[in-house]
Structures are given as structure tokens and as C-alpha cells.
Amino acid sequence: MSDGLDIQEIPPLNDIMACTVCARGEPLPRSMDIEDPNIVTNHGPPSSLAIPTKTQKGELFDYKWKDGSNLVVKFLHPLQSKHNEYKDYHTRIENMVRETAIIWQTCTNITFKFVAYNAAEMPHLMLTFMTNKEVIDAGLSPNHYGHWSYLGQSCQGLNPSMNLNFVPILQELDRPEIKSDRRDYLSKYMHATILHEFGHALGFIHEHLRGDRGEKMELDIDAIIKYNKDKWGWSEEKTRANINDVWKMDYLNASTLDLKSIMIYPFEKFKLKQVPGKADEITQPTDLSDTDKAWARLIYPPIKAA
């Protein structure tokens, strides 16, 4: 391809979401280094989704947006991309984001207002669609490859606060020889990725980083570290931050662990220790689970008209 991108940037089916990361969860971080966060409480119906009340270091920080917030989402790609040939792809990605992110509006009291890069409104979330090569061209570290988002209110003031690396996927979709099952997979992949990253933007951590995950799953972290290094070039530190380093449960506002949550990573059999009574494999959902929706309504409950 013209920018040197390799189709291997797109994970195979059982690696859906495996390249997503979210910010470590420091108060209003100004660093562009991307890592990850978590949360949980014991009230409400059995549900998933966890939203932190503290950083992973135990510092108080409110990741939750104010109830009823209308979050301004600014698209920055016209400013940050030097590739005019990507213009059509960027428009298509914008449309996907607009159509998919609003699914969260059906189960929260949050709304999104999508605006162009030159809009006057001060944004809450700033999105880019950088390819891996554009990340390097921008002088950023490989930590910014792929799809990622900072967490909840820590997004404010960050430029960008989220990235969706969908251009290589759309380039593949435009190939006339693409098979229908691959086309269907890639469409679901982008749909799930948008929901997952906007889940982070709403404040929800990775489900597998909850402190109670051992009740239902046990990671083979050595196997995962090796796989991520060989497959994606992830450092051990990045793998541990996104997959292994759990949040303490008393730092979280959450209910029971949900292995079908849009916020969980997939784990094939070789990534999990095969323990009786616990998950032997976890597939990545492509939509919000029923418990995602139920818990989102508790975190961001409907607002009654005055």
C-alpha cells in the first residue's frame, strides 16, 4: 500500500479488540503514553461494567461524567493527516462513529455531539484516525498504534483522547477479491471497537482488569506476554498494564463480573489456565451485553423531567 501499511495490522477474528488499550488512569494525564484502568461495587442487579472512583494508585479521581452531559466529540483527522487519499476513508469512519457510538445513548443519560475540527465548541473528546505509520510520522511512540482511548473525564484536554486505526481495514474492504465472511468479520470488528473505545471514554475499564476476575478466569500471563510480543510487538509492561494489572475492588463501582461484556478482551484456551469451574476460553462480544446495558443505566441513570 502507498503508506507501507501491512494487512497484518488487522487482527484475525479471535484477536478482535486485542490491540485496544486505554489510558492508565492518572488524574488528567498530559502524557500520550497509553496503558489502562478499572472499577467495581456491590450494589445493583448482577451486571458488568466497572467505573473507577480512584486511580490505580489509590488517588481520588472522578472518571464518571456529570449526569446528563452532552459530550462534544471533535474529529481531528483533517488537521493531523497528511494523506489526502485518506479523505474518503475518514468520512466513512466518521459516519461509522456517529452511527455506532450513539448506542451508548440508549442505556445512559449521556449524549454525544459530533463536530468538525474547526468547530467553535470546546471538545470533551478528541478523535483521530491515525494509521501506525502516521503515529510514527507524528513523533509518537508505538504505544499509540491501533485503537485506544483514555478513560472517562481524564479525556478532557487531551489531544487526541482516542484513536481508531480503521484506514487499513477499509482498504481491505475495498478490495474486489475480499470474501463475504471476511467482509462481515471486519464490519463487526469496527462496530465492536467503536463501542469498546467509547465505553472507555464513558469511564468503563477493561472487564478483565477487575480485582475479582479470579472468580471466573485465570490468566496464563507468561503465555500472553509471549504471544503479544511475537504477534503485536507489545512490551511486557504494556501487556501487564492492559491485561494483568487489576484494579482493587474497593476502587471500583461495579457489580458481578461479566465475561460477555463489550469491555473484555478475548482469551483463547492457551491464554487461560484450564481450571475446573472457570472459563476455558472467552470470545469477544461484538455488541453491548444485557448486563452492560443494565449497569450503564445504573451508573448513568435516566433523568426524570422536572
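The largest nonpolar core of this predicted model comprises 60 residues, and the members touching the most others are V97, W104, F112, L125, F198, L202 and F204. Helix α5, residues 180-201, supplies the largest share of this core, namely nine residues. A second core, separate from the largest one, holds 15 residues, among them L219, I224, I225 and L272. In soluble globular proteins, nonpolar side chains tend to be buried together.

F204 illustrates the packing within the largest core. Leaving aside residues up to four places away in sequence, F204 touches L49, A50, I51, W104, L151, G199, M263, A296, I299 and Y300. W104, one of these partners, is itself listed with F204 among the core members that touch the most others.

Helix α6, residues 221-232, permits a check of geometry. At 1.5 Å a residue, its 12 residues should span 16 Å, and the end C-alpha atoms lie 15 Å apart, which agrees. Buried positions in α6 are I221, I224, I225, Y227, N228 and W232. Viewed down the axis of α6, the buried residues fall within an arc of 170°, so they line one face of the helix. The face turned away from that buried side carries D222, K226, K229 and D230, which are exposed. The buried residues of α6 pack against α7, residues 236-244. Just after α6, G233 adopts a positive phi of about 75°. Two of the buried residues of α6, I224 and I225, also belong to the second core.

Confidence varies along the chain. The average pLDDT is 81, and 82% of the residues score at least 70. Two segments have pLDDT under 50 throughout, and the model nevertheless contains contacts for both, as tabulated below.

| Segment | pLDDT | Contacts beyond four places in sequence |
|---|---|---|
| Residues 1-21 | under 50 | 87 contacts |
| Residues 23-48 | under 50 | 135 contacts |

At the level of the whole chain, the secondary structure consists of eight helices and eight strands. Of the 306 residues, 56% count as buried. Among contacts between residues at least 6 apart in sequence, 80% join residues at least 24 apart. The chain exposes about 13,200 Å², of which carbon and sulfur atoms supply 52%.

Conventions
Residues numbered from 1 in each chain as written. Heavy atoms only, no water. Core = buried A, V, L, I, M, F, W, Y, C linked by side-chain atoms within 4.5 Å. Buried < 20%, exposed > 50% of the residue type's maximum accessible area, 1.4 Å probe, protein only. Helix = DSSP H or I, 4+ residues; strand = E, 2+ residues; numbered from the N terminus. Contact = heavy atoms within 4.5 Å. pLDDT = per-residue confidence, 0-100. Expected span 1.5 Å × (residues − 1). Arc of directions from axis to C-beta. Areas by Shrake-Rupley, 256 points an atom, 1.4 Å probe, with all protein chains shown as cover.
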